[in-house]
Amino acid sequence: MKQNYQRWLDRELERIENAAVKPKLLLHVCCAPCSSYVLEYLSRYFDITAHFYNPNIAPAAEYHQRAEELQRLLREMPAAQGVDCTIVPYDPSPFAVIAAGREHLPEGGERCTECYRIRLEEAAKTAKTDGYDYFTTTLSISPLKDAERLNAIGAALSEQYGVPYLFSDFKKREGYKRSILLSADYNLYRQDYCGCIYSKRDAENRKKEHKE
């Protein structure tokens, strides 16, 4: 049965809302636009570190542009004041390993599932090493990302590394629409593909089909 992860998140936020000290959240972020609403939403509940780790992104210039836009958003958005940020140096090799043999698959398939996993596992490891109370990801805000798969991976990694995963589906309650508005407010760079060369290929094919 499909789960209502927004309801799960509501319950957890209610539980911690009046905590004497904000719990520490390691928030894996994929880009500034997707981060905008999530940071606005969660900053009142958590002491957040935005963690930019996305070895799927290509080319390197795209990685650095997205990282720079995230840092600019953190400087300019009032709700993000006090949010720490870590930018992991660019290294596409982990994604190359999981993409091998899956290059032909469409966006949203098994290659994407394994891409979710490597990014979330790196976040779980970091959260464990650095003593965070929770970890989660902004990825579920996208209508193209499967919240069921993301939360299942997060739950498994939580058990493996011993750090609670913050269940979520940030596209709910018009979170995605709010991220579009915030992106316009801060004039954020909005990429037209998820990040990898295969998602770029699929995006370009969709544009061609639309023109035809």
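Why does Cys 85 form no bond with the cysteine sulfur closest to its own? In this predicted model, the sulfur of Cys 85 lies 13 Å from that partner, which sits in Cys 31, and this is too far for a bond. Let's use that as a way into the structure.

## Cysteines without bridges

A disulfide is a covalent bond between the sulfur atoms of two cysteines. This structure holds zero disulfides. Cys 30 tells a similar story to Cys 85: the closest cysteine sulfur, in Cys 34, is 3.9 Å away, too far for a bond because a disulfide needs the two sulfur atoms within 2.5 Å. The table sets the two cysteines side by side.

| Cysteine | Closest cysteine sulfur | Sulfur distance | Relative accessibility |
|---|---|---|---|
| Cys 30 | Cys 34 | 3.9 Å | 9%, buried |
| Cys 85 | Cys 31 | 13 Å | 28%, partly exposed |

## An enclosed helix

Cys 34 belongs to α2, where it is one of the buried residues. How much of α2 is buried? The count is 10 of its 11 residues, so this helix is largely enclosed by the rest of the structure. Among the buried ones are Pro 33, Tyr 37, Val 38, Leu 39 and Leu 42. Their packing partners are two strands, β1 (24-29) and β2 (47-52), together with the helices α1 (5-16), α3 (60-76) and α7.

## The nonpolar core

In soluble globular proteins, nonpolar side chains tend to be buried together. Here, the largest nonpolar core has 54 residues, and Leu 42, Phe 46 and Phe 135 have the most contacts inside it. Elements giving two or more residues to this core include α5, β4 (134-137) and α6 (147-161). Its largest share comes from α2, with seven residues. Another core, of seven residues, lies apart from it, and Ile 98, Ala 99, Ile 118 and Cys 196 are among its members.

Let's look at two residues more closely. Leaving out residues up to four places away in sequence, Leu 42 touches Leu 13, Leu 25, Ile 48, Leu 166 and Phe 170. Ile 48 lies in strand β2, and a relative accessibility of 2% makes this residue buried. Beyond its neighbours within four places in sequence, Ile 48 is in contact with residues including Leu 27, Leu 39, Val 83 and Asp 84. The chain also brings Ile 48 and Tyr 132 to a C-alpha separation of 9.5 Å, although they are 84 residues apart along the chain.

## Spaces in the structure

Where is there room between the atoms? The largest pocket has a volume of about 410 Å³. Its lining is made of 23 residues, and those closest to its centre are Cys 34, Ser 142, Gln 191, Tyr 193 and Cys 194. Two helices, α2 (32-42) and α7 (175-185), each supply at least two residues of this lining. Sorted by class, the pocket lining has 11 nonpolar, five polar and seven charged residues.

The structure also holds one cavity of 30 Å³ or more. The largest cavity contains about 110 Å³ of space. Of its 14 lining residues, Glu 107, Cys 112, Arg 119, Lys 145 and Cys 194 are the closest to the centre. Which element gives the largest share of this lining? That is helix α5 (residues 110-130), with five residues. The cavity lining has seven nonpolar, three polar and four charged residues.

Terms used
Residues are numbered from 1 along each chain as its sequence is written. This is a predicted model: local features need pLDDT of at least 70, side-chain atom pairs count only at pLDDT 80 or more; totals for chains, interfaces and linings use all residues. Side-chain values use heavy atoms; hydrogens and water are left out. On a 1 Å grid over the protein atoms alone, a cavity is a set of points where a 1.4 Å probe fits but cannot get out, and a pocket is an open set with protein on both sides within 12 Å along at least five of seven lines; lining residues have an atom within 4 Å of a point. Grid points are joined across faces, edges and corners, and a volume is the space filled by probe spheres set on the points. Helices (H or I, at least four residues) and strands (E, at least two) are DSSP runs, numbered from the N terminus. Ala, Val, Leu, Ile, Met, Phe, Trp, Tyr, Cys and Pro count as nonpolar, Asp, Glu, Lys and Arg as charged, and the others, Gly among them, as polar. Buried means under 20% relative accessible area, exposed over 50%, partly exposed in between (1.4 Å probe, protein chains only). Contact means heavy atoms within 4.5 Å. A nonpolar core is a set of buried Ala, Val, Leu, Ile, Met, Phe, Trp, Tyr and Cys residues joined through side-chain atoms within 4.5 Å.
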